[in-house]
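Trainee: Please take a close look at one part with me, the largest pocket. Which residues line the largest pocket?

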Amino acid sequence: MGEKRNEIIEEQRKAREEFLRLKKMQQGEIEPEAKPSEVAIKPRTFSEKFSNFWYHFKFQTILVLIICVLLSIVTVQCATREKFDFSVLYFTYTPTIDTQLDSVEEYFEKYATDIDGNGEVNIQVVNCSVSDSNRDAGRNTMFAKVQSVLVAEHSTVLFVIDDKAKQYFDDAFDYSIFVEEPIKLGDEFYEQVADEKLPLPKDLMLGLRIIKNTGFEGDKEAEKIFLEGQKVLEKIKKQNG
C-alpha cells in the first residue's frame, strides 16, 4: 500500500514539474523544445556526413569546381602561350592565309633582337589581309581588327602593307600614321618568303607607325618596342641598299 502511494506522489510531482515547465515556456522564460519532426538526425558515418553536405551545398560545390577548372585552364594557357618580342601587322588587299606568313615571321626574326629577355627572338605577324571585293563579308571584321591594333596594341609597330592599304590609312586619317614614307620590300625579302604555290603579292611596303601624340606616348614598354621596330626598319633599309 505504501509503495502504491509513493508512485502516486511521484507522478503528481512530475505533473507539477511539467506544468511549471510549460508555464515558463508560455511566459518566455525558457525556449520551447523542438518537435520530434524538427529534430535533425546528426550524421555519424562519413557517408552520412557527405550525403548531408551534398544535400545542403550541392550547387555551391559544383560552382566552385567549375571555377577551379576554368582557373586551371587559364593558368596553363598563360604559362604555355608563346611570348613575342613584338608584332608586325600584315594588311593587304590580297587575301593571305596564316601559313603563308610563317616565313615572314622568320624574316623579321632575322633582324630583331630578344627584347623581352626570354632567350629567343619571337615575332608575331598579325594577318589582317582582306579581299579587294566589296562583296566579301569578312572585310568589315578585318577593318575593325586593323583599327583595334592601332588603338590598343602597343606591341605592333611595324606594318607590312600594299598600295591600297596605304591609301586606306591616308583616307582614314588627316595625318600620316607612319614616321616616314614606308619603304619597298626588296628582292631579299621575296627570296626568303618565296612560295611558288602561294606567293605573296608584289610591291609590299614596310612602315613604322608613330607613337608620338598617341595613347602610347609615355608608355615605357611601347617606347621600347618602338625603338626596336625602328632598328629593324633601318637594318632592312640597309639590306635593300
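Mentor: Start with the term. On a 1 Å grid over the protein atoms alone, a pocket is an open set of points where a 1.4 Å probe fits, with protein on both sides within 12 Å along at least five of seven lines; a lining residue has an atom within 4 Å of a point. Keep in mind that this is a predicted model: local features need pLDDT of at least 70, side-chain atom pairs need 80 or more, and totals for chains, interfaces and linings use all residues. Numbering starts from 1 along each chain as its sequence is written, and side-chain values use heavy atoms, without hydrogens and water.

Now the list. Gln147, Leu150 and Val151 are among the lining residues. So are Phe173, Tyr175 and Ile177. Arg209, Ile210, Thr214, Gly215 and Phe216 complete the lining. The pocket holds about 180 Å³ of space (the volume filled by probe spheres set on the points, which are joined across faces, edges and corners). By class, its lining has 7 nonpolar, 3 polar and 1 charged residues. Here Ala, Val, Leu, Ile, Met, Phe, Trp, Tyr, Cys and Pro count as nonpolar, Asp, Glu, Lys and Arg as charged, and the others, Gly among them, as polar.

Next, follow the lining into the chain. Phenylalanine 159 is a useful link. This residue lies in strand 3. Strands (E, at least two residues) and helices (H or I, at least four) are DSSP runs, numbered from the N terminus. Leaving aside neighbours within four places in sequence, phenylalanine 159 is in contact (heavy atoms within 4.5 Å) with Leu150, Ile177 and Arg209, among others. Those three names also appear in the pocket lining. Other contacts of phenylalanine 159 include Leu89, Phe169, Phe178, Met205, Leu206 and Gly207. Phenylalanine 159 is buried, because its relative accessible area is 0% (buried means under 20%, exposed over 50%, partly exposed in between, with a 1.4 Å probe and protein chains only). Its C-alpha atom is 9.9 Å from that of glycine 229, 70 residues apart along the chain.

Strand 3 as a whole follows suit. It spans residues 156–161, and 6 of its 6 residues are buried, so the rest of the structure largely encloses it. Strands pair if DSSP finds at least two bridges between them. On one side, strand 3 runs parallel to strand 1 (residues 86–91), joined by 5 bridges. Valine 88 stands opposite leucine 158 there. Strand 3 also pairs with strand 5, antiparallel, over 4 bridges. Valine 160 has leucine 206 of strand 5 as its bridge partner.

Step out to the sheet. It is open, with 5 strands in the order 2-1-3-5-4 and mixed pairing. Strand 2 (123–127) and strand 4 (183–184) are the edge strands, each paired on one side only. Strand 1 is mostly covered, with 6 of 6 residues buried. In a regular strand, side chains alternate between the two faces of the sheet. Phe86, Val88 and Tyr90 point one way from strand 1, and Ser87, Leu89 and Phe91 the other way. Strand 1 also pairs with strand 2, in the parallel sense, over 5 bridges. One bridge partner pair is tyrosine 90 and asparagine 127.

Two loop residues flank strand 5 in the chain. Most residues other than glycine have a negative phi. Aspartate 203 has a positive phi of about 60°. Aspartate 203 sits in the loop between helix 6 (187–192) and strand 5. Its relative accessible area is 49%, so aspartate 203 is partly exposed. Asparagine 213 has a positive phi too, near 65°. Its loop lies between strand 5 and helix 7 (220–240). At 69% relative accessibility, asparagine 213 is exposed.

Last, the whole chain. There are 7 helices and 5 strands. Of 241 residues, 31% count as buried. Among contacts with a separation of 6 or more, 70% join residues 24 or more positions apart. Mean pLDDT (the predictor's confidence in each residue, from 0 to 100) is 80, and 70% of the residues reach 70 or more. Strand 5 (residues 205–208) has the highest mean of the elements, 96, and helix 2 (residues 46–80) the lowest, 62. Over residues 74–81 the pLDDT is below 50, and this stretch has 0 contacts beyond near neighbours in sequence.
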